Amino acid sequence: MALKFYDSPFHVTHDDEVASKMAMKMDLSIMLTGLIKEQGWTQKEAADKLKIQQSRVSDLKNAKIEKFTIDAMFDMLDVLGFKAQISMPTLHEASIAISKTQAS
């Protein structure tokens, strides 16, 4: 029996479109949670900084990615001083880079 490899664990149980978005949201939640931890913030402090409810920070830390849109996660990164930039060398290829802005 040959081994079958998947792009992410989400691709095992979901179609490509859904799985890719779930994988992106998981990566963003890991980044956001890591940034909060790096600052040493409590959930309350993070919520105040991000202008969201404390329960949303809890959801983020517990990887409840189904409760977030990608837009909401990018908004949180914006508040933390990050900027997302897309580069599209061709109509069939694009990449997104997220980096700290100079002013932050």
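Asp48 and Lys44 sit four residues apart in helix H3 (residues 43–50), about one turn of the helix. Their side chains meet in a salt bridge, with N and O at 3.0 Å. Keep in mind that this is a predicted model. Here is a friendly tour that starts from this pair and moves on to the rest of helix H3, to helix H2 and to the paired strands.

**Salt bridges**

- How many salt bridges does a search of the whole structure find? The search finds two.
- The pair in helix H3 is a nice example of a spacing rule, as Asp48 and Lys44 are four residues apart. An α-helix has 3.6 residues a turn, so residues three or four places apart point the same way.
- Side chains of opposite charge can pair when their charged atoms come close.
- Lys44 counts as exposed because its relative accessible area is 51%, and the cut-off for exposed is over 50%. Asp48, at 48% relative accessibility, is partly exposed.
- Asp59 forms a salt bridge with Lys67, and here the closest N and O atoms are 3.8 Å apart.
- Is Asp59 buried or exposed? Asp59 is buried, because its relative accessibility is 10% and buried means under 20%. Its partner Lys67 has a relative accessible area of 43%, so Lys67 is partly exposed.

**The buried side of helix H3**

- Which residues of H3 are buried? They are Ala46, Ala47 and Leu50. These residues cover an arc of only 100 degrees around the axis, so they lie on the same side of H3.
- What covers the buried residues of H3? The cover includes H2, helix H4 (54–61) and helix H5 (70–79).
- Ala47 is one of the buried residues of H3, and its relative accessibility is 3%.
- Beyond its neighbours within four places in sequence, Ala47 is in contact with Ile52, Gln53, Gln54 and Val57.
- Take Val57 as a closer look: Ala47 and Val57 are ten residues apart in sequence, and their C-alpha atoms are 6.2 Å apart in space.
- Just after H3 comes Lys51, whose phi is positive, near 60 degrees.

**Two residues of helix H2**

- Helix H2 (residues 16–39) contains Met24, and Ser29 is found in H2 too.
- Ser29 has a relative accessible area of 2%, so this residue is buried.
- Which residues does Ser29 touch, if residues up to four places away in sequence are not counted? Ser29 touches Leu60, Ile65 and Met73.
- Met24, in contrast to the buried Ser29, is partly exposed at 32% relative accessibility.
- On the surface, Met24 joins Ile86 and Ile96 in a nonpolar patch. Together the three residues have about 280 Å² of accessible area.

**The paired strands**

- Strand S1 (residues 82–90) pairs with strand S2 (residues 93–100). In which sense do they pair, and over how many bridges? The pairing is antiparallel, over seven bridges.
- To see one of the bridges, find Lys83 and look across to its partner in S2, which is Ser99.
- Where the chain passes from S1 to S2, a hairpin joins them through two residues.
- When you look at side chains along a strand, remember a general pattern: in a regular strand the side chains alternate between the two faces of the sheet.

Technical notes: Residues numbered from 1 in each chain as written. Predicted model: local features only at pLDDT ≥ 70, side-chain atom pairs only at ≥ 80, totals over all residues. Heavy atoms only, no water. Patch = residues over 30% accessible without salt bridge, like charges linked within 9 Å, V, L, I, M, F, W, Y side chains within 5 Å. Areas by Shrake-Rupley, 256 points an atom, 1.4 Å probe, with all protein chains shown as cover. Salt bridge = Lys/Arg side-chain N within 4 Å of Asp/Glu carboxyl O. Buried < 20%, exposed > 50% of the residue type's maximum accessible area, 1.4 Å probe, protein only. Pairing = 2+ DSSP bridges. Contact = heavy atoms within 4.5 Å. Arc of directions from axis to C-beta.
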